[in-house]
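The exercises below are meant to be worked through with the sequence and the model side by side. Try each task before reading its solution.

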Amino acid sequence: MAETEMRQKLAKGLFWKLLENGGAQGVQFVITMILARLLTPAEYGVVGIIMVFITIANVFVQNGFSTALVQKRRADPEDFSSVCWFELAAALVMYGILYGLSGGIAAFYKIQVLKPIVRVLGLVLFPGAVISVQTAYVSRNMEFKGLFVSTLAASLVSGAVSIAMAFAGLGVWAMAGQQMTYYLALMTALFVTVSWKPRRCFCLGRIKEMFSFGWKVLCASLLDTVFNNLYGLFIGKIYNEELLGSYNRGEQFPKLIAGNLGAAIQAVLLPAFSARQDDPVQMCQMARRVMKLSAFAVLPMLFGLFGVADTLILVLLGPKWLICVPFLRIMCVAYCFWPIHIINLQAVNAMGRSDVFLKLEIAKKVLSLLALLIGVRYSVYVMVGLKAVQDFLCTFVNGAPNRRLLGYSIWQQWRDILPSAFLAAFMCLIVMAAGQVLAWMAPGIRLVIQIGAGAGLYVVLAWGFRMESFRYLWSMARERRKRAQGE
């Protein structure tokens with residue numbers, strides 16, 4: 001594939017992936033805001049406890065094979081079908097384990113409603129197994145347009161179902177209904193919009209071949225998922241489900257921003273890197289460009305969110321949710337480091353170094369466990385604050401291998417993102433000051449002014465300092481406009 005054609009395919013894939021994440025998560029965000037008005041923090045906390053166990057079980061179901069399918073040099077329909085049937089079998093095993101543990105989970109947290117909800121929500125493992133293979137096919141072939149349509153449709157359908165259930169007074173079951181409907185609707189829509197369909201064939205040899213790569217990704221993903229969800233488990237057990245619901249809600253806002261960009265980078269970069277895995281120089285150039293652009297885009301949004309946190313929560317969720325503001329601000333800091341994490345890890349995976357990937361995860365989890373054990377001795381805010389510190393330290397862990405693999409050291413990476421970070425931090429201070437000065441205004445009006453002032457200031461500063469990423473995006477926009485006029 002010619003270099004120009006590859007860049008165009010990469011740009012197109014990134015566009016549709018960003019649109020898919022942004023559109024679907026935008027819809028889900030609106031739905032969540034409606035549900036937050038109808039449900040309590042404690043009810044959110046109950047579902048948060050359940051989703052920890054479902055998420056961990058999902059890691060076992062997907063086994064790292066979806067990443068192996070994308071990374072494999074030549075993957076044919078038999079590979080995809082074999083992985084699909086294998087993951088469905090794993091889903092059956094994991095559902096049986098969840099079903100048996102549901103009573104113990106309810107007894108441990110002393111919340112009896114957990115038992116039936118775990119047994120119902122555990123069923124999402126089956127469509128989840130199929131979806132993981134469907135999305136692997138999408139990523140490998142960059143058919144992100146179909147994924148965008150499917151995800152958006154699933155978000156709308158599941159949102160309508162959950163809101164109707166919440167209005168009917170079903171409480172936590174409304175959120176359970178949203179999850180179930182979303183998975184089923186997404187799987188069904190992907191069968192319509194994506195060209196891959198499972199075949200009635202299974203080859204154990206193909207599974208064994210990919211397992212040599214996939215088992216390390218599985219272990220790394222399991223470590224990452226367990227440790228990321230330990231905070232929710234600790235908060236739910238040591239404190240209460242109301243505080244857990246507040247933590248989950250506070251994390252949701254920055255995760256929406258960082259997760260949207262991160263998922264797009266991850267889905268598009270892995271196949272792009274994999275296609276260039278024999279040319280570290282080109283991979284390094286691609287990584288630097290994406291690092292700068294992602295920092296330029298995500299950091300002002302996260303710093304801006306930090307600045308408007310209290311006003312935003314007051315407008316969108318109401319006074320009862322102001323308890324989540326400290327969590328929101330801490331997690332804004334933690335998610336600032338996501339571009340570094342994701343770009344480095346995708347480069348490692350693309351080069352087939354799942355052994356390095358696993359070692360990185362083990363090293364990071366030692367740091368994570370240390371931060372958790374120290375934080376839990378003090379307060380929930382110290383515990384979550386140390387998570388942000390740990391995420392910062394982990395940038396050095398994730399960046400270390402690529403100094404050798406790509407010639408792109410962590411110091412070069414920080415040098416690439418610091419200009420955007422300084423501008424975003426200055427903009428945040430101005431936004432927070434504006435919030436204090438305008439405290440007498442209605443929250444909705446104050447929020448609009450803060451967001452407008454922050455966005456305008458960031459663009460003016462980027463233009464004034466002639467930021468490389470700003471000039472690159474500006475030139476791309478001008479070229480696209482010229483092409484549109486020429487047509």
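**Exercise 1.** Leaving aside its neighbours within four places in sequence, which residues is isoleucine 56 in contact with?

Solution. Before starting, note that this is a predicted model, in which local features need pLDDT of at least 70 and side-chain atom pairs count only at pLDDT 80 or more, while totals for chains, interfaces and linings use all residues. Residues are numbered from 1 along each chain as its sequence is written, and side-chain values use heavy atoms, with hydrogens and water left out.

Step 1: find isoleucine 56 in helix α2, where helices (H or I, at least four residues) and strands (E, at least two) are DSSP runs numbered from the N terminus. Step 2: apply the contact criterion, heavy atoms within 4.5 Å, which gives Leu222, Thr225 and Val226 as the partners of isoleucine 56 once neighbours within four places in sequence are set aside. Step 3: compare sequence with space, since isoleucine 56 and asparagine 229 are 173 residues apart in sequence, yet their C-alpha atoms are 8.6 Å apart.

**Exercise 2.** Decide why isoleucine 56 counts as buried, and check the length of helix α2.

Solution. Step 1: buried means under 20% relative accessible area, exposed means over 50%, and partly exposed lies in between (1.4 Å probe, protein chains only). Step 2: isoleucine 56 has 18% relative accessibility and therefore counts as buried. Step 3: in helix α2 as a whole, 16 of the 22 residues are buried, so that the helix is mostly covered. Step 4: the expected span of a helix is 1.5 Å times one less than its number of residues, and for α2 (residues 41-62) this comes to 32 Å, in agreement with the 31 Å between its end C-alpha atoms.

**Exercise 3.** Determine whether serine 162 and phenylalanine 167 are buried or exposed.

Solution. Step 1: serine 162 lies in helix α7 (residues 144-167), and phenylalanine 167 lies in α7 too. Step 2: serine 162 counts as buried because its relative accessibility is 0%, whereas phenylalanine 167, with a relative accessible area of 62%, is exposed. Step 3: apart from neighbours within four places in sequence, serine 162 contacts Ile31, Leu35, Ala174 and Gln178. Step 4: phenylalanine 167 joins Val30, Ile34 and Leu38 in a nonpolar surface patch with about 360 Å² of accessible area together, to which helix α1 (residues 3-38) gives the most, with three residues.

**Exercise 4.** Which residues does serine 81 touch, not counting those up to four places away in sequence?

Solution. Step 1: place serine 81 in helix α4 (residues 77-109), where serine 81 is buried, with a relative accessible area of 0%. Step 2: list the contacts of serine 81, which are Trp196, Lys197, Pro198, Arg199 and Cys201. Step 3: the C-alpha atoms of serine 81 and phenylalanine 202 are 6.6 Å apart, although 121 residues separate the two in sequence.

**Exercise 5.** How many disulfides does a search of the whole structure find?

Solution. Step 1: with a disulfide taken as a pair of cysteine sulfur atoms within 2.5 Å, the search finds zero. Step 2: cysteine 336 is accordingly in no disulfide, and the nearest cysteine sulfur, that of cysteine 332, is 7.1 Å away. Step 3: cysteine 336 is buried, with a relative accessible area of 11%, and cysteine 84 is buried at 2%.

Notes
Patch = residues over 30% accessible without salt bridge, like charges linked within 9 Å, V, L, I, M, F, W, Y side chains within 5 Å. Areas by Shrake-Rupley, 256 points an atom, 1.4 Å probe, with all protein chains shown as cover. Salt bridge = Lys/Arg side-chain N within 4 Å of Asp/Glu carboxyl O.
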